[in-house]
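Hi,

Here is the structure I promised to pass along. Please have a look at it first, and then read on for my notes on what turned up.

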Amino acid sequence: MTNGANMPMTMAAKIRTLRWLPLLLCAGMPAPVSAETLGEAMAIAYQHNPGVEASRASTRAAEERMRQAKAQFGPTLTADASYRYAWRRVTQSNITVLRQDGFTPQLSLSLDQPLFTFGRLSAQRNIAQAGYGASVADMHSSEQDLMANVVIAYAAVLRDEKLVGIARENLSQLTETLDQINARYTARYATETDLQQTRNRIFSGQAQLELAQGNLQASRNTYRNILGHYPDGLLPLPQLPPLPRSIEEAQAMGAASSPVLASARFDLAAAQGRIAQARGNARPYVGVQGSVARSPLAVENDDTRELSAQVQVGLTVPLYSGGLLSARIREARQLADAATQQLEQTSRGVRENIASYWDQLSAARRALPAYTRAVTAAQSALDGAQQQQLAGQVTSLDVLDTARDLLTSRQARAQAEAQLYVQHALLLGAMGQLRADSFAPGTPPFDPNAYSSVPFAGLPTGPFVEMIDALAVDDNFKASPVQVENDAEPDHVMAPEPEGQ
């Protein structure tokens with residue numbers, strides 16, 4: 001009996017020490033300088049995340065491709081220069097009659113200016129412009145995804161910190177229960193079975209605490225990956241921007257603002273530009289070429305030299321290519337047809353995401369009050385069970401089961417609170433409305449137009465040639481019929497926001 005009594009007391013002492021160990025460790029650590037808000041976290045990620053910086057660099061590269069396309073309308077001027085050593089011997093009847101050797105310079109200058117390409121160069125410019133627009137849309141999509149990931153990571157850290165606290169409180173409560181059972185066991189009011197049942201729950205509580213702490217560390221690692229530093233004293237989640245009054249308004253906002261949909265539209269424009277490019281490649285090319293050359297007439301010196309110049313207007317007409325050019329035109333038409341269908345599919349995907357997040361958020365809003373009532377009921381049940389145990393009306397197992405119900409309800413509510421916030425943020429992202437300045441006013445938005453490269457691409461003749469060549473662009477095609485999705489949205493009623501959220 002004495003040994004049995006000492007074992008629970010020793011275990012209880014160890015568990016109490018374990019419960020206070022994190023606080024003792026924190027007491028020896030310096031306090032955090034300042035807490036971090038969600039807005040600050042989003043601003044840091046928006047300005048410094050490598051993934052978004054990579055997408056911005058890709059956008060600047062796409063702008064350079066657009067300038068390259070415009071530069072093709074202008075002249076190309078090439079200079080060649082060489083300093084040549086030549087050695088020459090002329091032999092007649094085994095007698096050397098001429099000996100020459102020496103260093104001589106050679107210079108040449110050539111000019112190539114397209115005049116009219118039947119829309120070929122204009123199509124390349126349109127393709128580059130559409131590619132730049134798609135790159136900007138992809139950059140905004142990357143920024144939206146980053147903002148959503150910041151919200152998810154921030155909410156996950158707060159959720160897991162709460163779950164660790166719940167698990168620690170559960171272990172503390174079980175430890176107190178063990179003390180009570182041990183006292184009752186010493187007084188012969190409890191049995192060995194009561195002790196073992198309590199120990200079982202304590203060991204399970206220790207395991208749950210370890211797992212909760214591991215999940216918290218994993219969430220902190222995700223946070224560090226996105227923001228570049230570990231979270232330190234995160235403040236509570238702020239109020240999210242309000243939602244539209246109906247799902248129809250949300251769908252309309254998504255159709256107008258979704259960067260994914262904008263990127264698909266630019267992809268279709270680029271595909272149409274490739275049709276015009278393929279047609280232009282099958283049509284004549286008119287250009288002017290000029291050259292100036294200075295070359296010596298003698299090998300040994302530059303005293304006798306020639307200076308020549310020529311200018312010509314050339315016409316190149318593709319006559320026969322074995323079906324290659326016409327096949328490329330048909331290929332471009334099919335790719336444009338595919339882009340048309342993909343645009344509709346992307347539109348359906350945006351609508352699906354908005355509707356799904358809308359319905360999931362509505363369900364989460366309806367579920368959260370039920371979780372709150374479940375926690376209240378479980379706490380009342382536990383308080384009542386503990387009083388009934390003192391009166392001998394219920395067993396210790398009944399109290400332990402009630403405590404486990406309370407633990408499960410509190411964990412479920414903590415997860416539901418985080419999920420509710422994340423679903424709201426994801427819905428904003430699907431609508432194209434999840435921006436850093438909505439959470440951190442004053443965050444400077446990235447302006448792709450602020451990047452400026454050479455402004456005189458194609459000058460001096462490029463603008464005139466571009467204006468004439470654009471008249472011959474032919475990017476028309478007849479797309480296959482597109483099955484447009486039925487846009488009726490019945491039975492999508494958003495539940496009211498829970499109080500206190």
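**Salt bridges across the chain**

Glutamate 417 and lysine 162 form a salt bridge, with their closest N and O atoms 2.8 Å apart. This pair ties together distant parts of the chain: glutamate 417 sits in helix α9, while lysine 162 belongs to helix α4 (residues 120–186), and the two positions lie 255 residues apart in the numbering. Lysine 162 counts as partly exposed, at 40% relative accessibility. Before going further, please keep in mind that this is a predicted model.

A second long-range pair is arginine 283 with aspartate 474, a salt bridge whose closest N and O atoms are 3.6 Å apart. Here too the link is between distant parts of the chain, 191 residues apart: arginine 283 is in the loop between α7 and β3 (285–296), and aspartate 474 is in the segment after α11. Both partners are partly exposed, arginine 283 with a relative accessible area of 27% and aspartate 474 with 24%.

How many salt bridges does the structure hold? The count is 18. One of them is local: the side chains of glutamate 344 and arginine 348 meet at 3.4 Å, N to O. These two residues are 4 apart in helix α8, so about one helical turn separates them. The general rule behind this is that an α-helix has 3.6 residues a turn, so residues three or four places apart point the same way. Glutamate 344 is buried, with a relative accessible area of 14%, whereas arginine 348 is partly exposed at 27%. Elsewhere, Glu53, Arg56 and Glu143 are joined into one network by salt bridges that share partners.

**A buried glutamate**

You may like glutamate 466, which lies in helix α11 (residues 462–469). Is this glutamate 466 buried or exposed? Its relative accessible area is 14%, and since the cut-off for buried is under 20%, glutamate 466 falls in the buried class. Which side chains does it meet through polar contacts? One is the side chain of lysine 70, at 3.4 Å; another is the side chain of arginine 125, at 2.8 Å. Leaving aside neighbours within four places in sequence, the residues in contact with glutamate 466 are Lys70, Phe73, Ser122 and Arg125.

**The buried side of α6**

Helix α6 covers residues 247–257, and its buried residues include Ile247, Ala250, Gln251 and Gly254. These residues lie on the same side of α6, because they cover an arc of only 100° around the axis. What do the buried residues of α6 pack against? Their partners are three helices: α7 (259–281), α8 (324–390) and α9 (396–430).

**A nonpolar patch and strand β2**

On the surface, Leu77, Leu109, Leu111, Val292 and Leu307 make a nonpolar patch of about 470 Å². Leucine 109, one of its members, lies in strand β2 (residues 95–116) and counts as partly exposed at 39% relative accessibility.

Serine 108 is also found in strand β2. Serine 108 is partly exposed, with a relative accessible area of 29%. Not counting residues up to four places away in sequence, serine 108 touches Thr78, Ala79, Asp80, Val292 and Ala293; Val292 is also part of the nonpolar patch. For a sense of distance, the C-alpha atoms of serine 108 and serine 438 are separated by 60 Å, the two residues being 330 apart along the chain.

**One more position, in α3**

Arginine 65 is found in helix α3 (residues 50–71). At 47% relative accessibility, arginine 65 counts as partly exposed. Which residues does arginine 65 contact, leaving aside its neighbours within four places in sequence? They are Ser58 and Ala128. Between the C-alpha atoms of arginine 65 and leucine 315 the separation is 27 Å, with these positions 250 residues apart along the chain.

That is what I have for now. Happy browsing!

Best wishes

Notes: Residues numbered from 1 in each chain as written. Predicted model: local features only at pLDDT ≥ 70, side-chain atom pairs only at ≥ 80, totals over all residues. Heavy atoms only, no water. Buried < 20%, exposed > 50% of the residue type's maximum accessible area, 1.4 Å probe, protein only. Arc of directions from axis to C-beta. Contact = heavy atoms within 4.5 Å. Polar contact = N/O pair within 3.5 Å; in protein donor to acceptor, adjacent residues only side chain to side chain. Patch = residues over 30% accessible without salt bridge, like charges linked within 9 Å, V, L, I, M, F, W, Y side chains within 5 Å. Areas by Shrake-Rupley, 256 points an atom, 1.4 Å probe, with all protein chains shown as cover. Salt bridge = Lys/Arg side-chain N within 4 Å of Asp/Glu carboxyl O.
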